[in-house]
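Student: I would like a close look at a single part of this protein, and then its setting in the rest of the chain. Please keep to what can be read from the model.

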Amino acid sequence: MRISSIGYTFRQGIKNIRRNLLFSLASIGTIIACLFLFGIFYAVLMNFQTAIKKIEGNISISVFFDVGITQDQIDLISEQIRTRDEVATLDFISADQAWEQFVKDNYDDPDAAMETFGEDNPLKNSASFTITMKDVSNQSEFVQFLEGIKGVRKVKSSEYTANNVAAINTFVGYASGAIILILFLVSIFLISNTITIGITVRKEEIKIMKLIGATNAFVRTPFIVEGVLIGLIGSVIPVVLLWYVYDGVLNYVVGRFAVLRTVFDFIPAKDLFVVLAPVSLALGIGIGFIGSFLTTRKHLKV
């Protein structure tokens with residue numbers, strides 16, 4: 001396509017927006033609303049998943065060994081467990097460490113308790129592995145694997161907690177996906193209506209262009225440019241708004257409710273928008289392109 005043709009295409013795309021200004025503004029407004037809501041859902045979802053990961057990191061599995069097991073056998077069990085992809089961390093807790101922790105948690109005067117028992121460790125058979133997983137939804141299968149290892153006496157896990165965390169995570173993911181899909185379909189529908197009106201207004205002009213030899217691409221491209229411009233404008237505005245809203249809300253919440261920082265690891269705005277900004281722009285342009293492309297294909301018959 002020649003430079004003059006490219007210039008003509010962009011000018012016509014802008015003219016189309018001006019001719020159908022009301023519907024163009026409606027489409028832009030819808031995309032702004034949809035992407036703004038998408039940004040909110042994305043921010044909430046990412047922070048929620050960060051919180052879930054923190055909870056998952058606190059859900060551990062304890063593996064206890066057979067009485068009389070040697071250190072070489074424990075090392076062999078450790079090697080078998082470390083080969084599994086599900087494992088996030090694996091820590092060995094000796095019998096002495098288990099006893100010291102028990103005393104600290106259950107006695108007002110740990111030193112006195114240690115002196116009372118002396119070298120007689122009531123938990124001398126309580127050496128164990130403490131394991132955390134990358135994804136607790138796989139805990140049931142992993143526990144079965146641990147129970148089948150030779151030398152393992154007992155496996156303690158929080159199956160109920162793990163299942164609930166996995167179920168909540170899955171539900172939030174599906175619910176957010178469904179809402180976002182509905183918002184995008186609405187945006188595409190409105191852009192399609194805007195392009196259809198533009199085609200109807202220029203119907204006679206398009207016929208004349210075809211009679212004098214205009215190619216299919218030459219006729220179709222201005223409407224696609226129109227859709228892409230609508231999508232671009234509709235995506236830039238919510239990204240800017242979301243940055244100020246998210247950063248402001250985050251600073252307010254962290255400053256006003258400092259205790260929440262011990263529960264949630266909030267994602268900083270700059271880290272969140274490294275992904276959110278380009279994704280939002282790509283989605284806005286993509287919505288505009290898809291809406292205009294499908295509409296021109298259907299109505300222009302070229």
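In which strand is the place of Ser128?

Tutor: The model is a predicted one. Ser128 lies in strand E3, which runs over residues 128-133. With a relative accessible area of 6%, Ser128 is buried, because buried means under 20%. Apart from neighbours within four places in sequence, Ser128 is in contact with Val63, Phe64 and Phe65, and also with Asp91, Phe92 and Ile93.

As for the setting, the protein has 10 helices and 4 strands. Along the sequence these follow the pattern α-α-β-α-β-α-α-β-α-β-α-α-α-α. Of its 302 residues, 37% count as buried. Among contacts with a separation of 6 or more, 83% are between residues 24 or more positions apart.

Salt bridges come next. The whole structure holds 1 salt bridge, and it joins the side chains of Glu86 and Arg84 at 2.8 Å, N to O. On the carboxyl side of the pair, Glu86 has a relative accessible area of 17% and so is buried. Arg84, at 25%, is partly exposed.

Then the surface. The accessible surface of the protein comes to about 17600 Å², and carbon and sulfur atoms account for 62% of that area. One patch on the surface is nonpolar: Leu232, Val236, Val240, Trp243, Tyr244, Leu281 and Ile285 form it, with about 590 Å² of accessible area together. Helix H9 (216-256) and helix H10 (269-299) each supply at least two residues of this nonpolar patch. The largest share comes from H9, which gives 5 residues. Val236, a member of the nonpolar patch, is in helix H9. The relative accessible area of Val236 is 39%, and Val236 is therefore partly exposed, since that class lies between the 20% limit for buried and the 50% limit for exposed.

A second patch carries charge. Arg11, Lys15, Arg18 and Arg19 gather on the surface in a patch of positive charge. One of these residues, Arg18, is found in helix H1, which covers residues 3-19. Arg18 counts as exposed because its relative accessibility is 63% and exposed means over 50%.

To return to the starting point, Ser128 in strand E3 is buried at 6%, whereas Arg18 in helix H1 is exposed at 63%.

Technical notes: Residues are numbered from 1 along each chain as its sequence is written. This is a predicted model: local features need pLDDT of at least 70, side-chain atom pairs count only at pLDDT 80 or more; totals for chains, interfaces and linings use all residues. Side-chain values use heavy atoms; hydrogens and water are left out. Patches are made of residues with over 30% relative accessible area and no salt bridge: like charges are joined within 9 Å, nonpolar side chains (Val, Leu, Ile, Met, Phe, Trp, Tyr) within 5 Å. Accessible areas come from the Shrake-Rupley method with a 1.4 Å probe; for residues, only the protein chains shown count as cover. A salt bridge is a side-chain nitrogen of Lys or Arg within 4 Å of a carboxyl oxygen of Asp or Glu. Lys and Arg count as positive and Asp and Glu as negative; His and the chain ends are not counted. The place of a charge is taken as NZ of Lys, CZ of Arg, CG of Asp or CD of Glu. Buried means under 20% relative accessible area, exposed over 50%, partly exposed in between (1.4 Å probe, protein chains only). Contact means heavy atoms within 4.5 Å.
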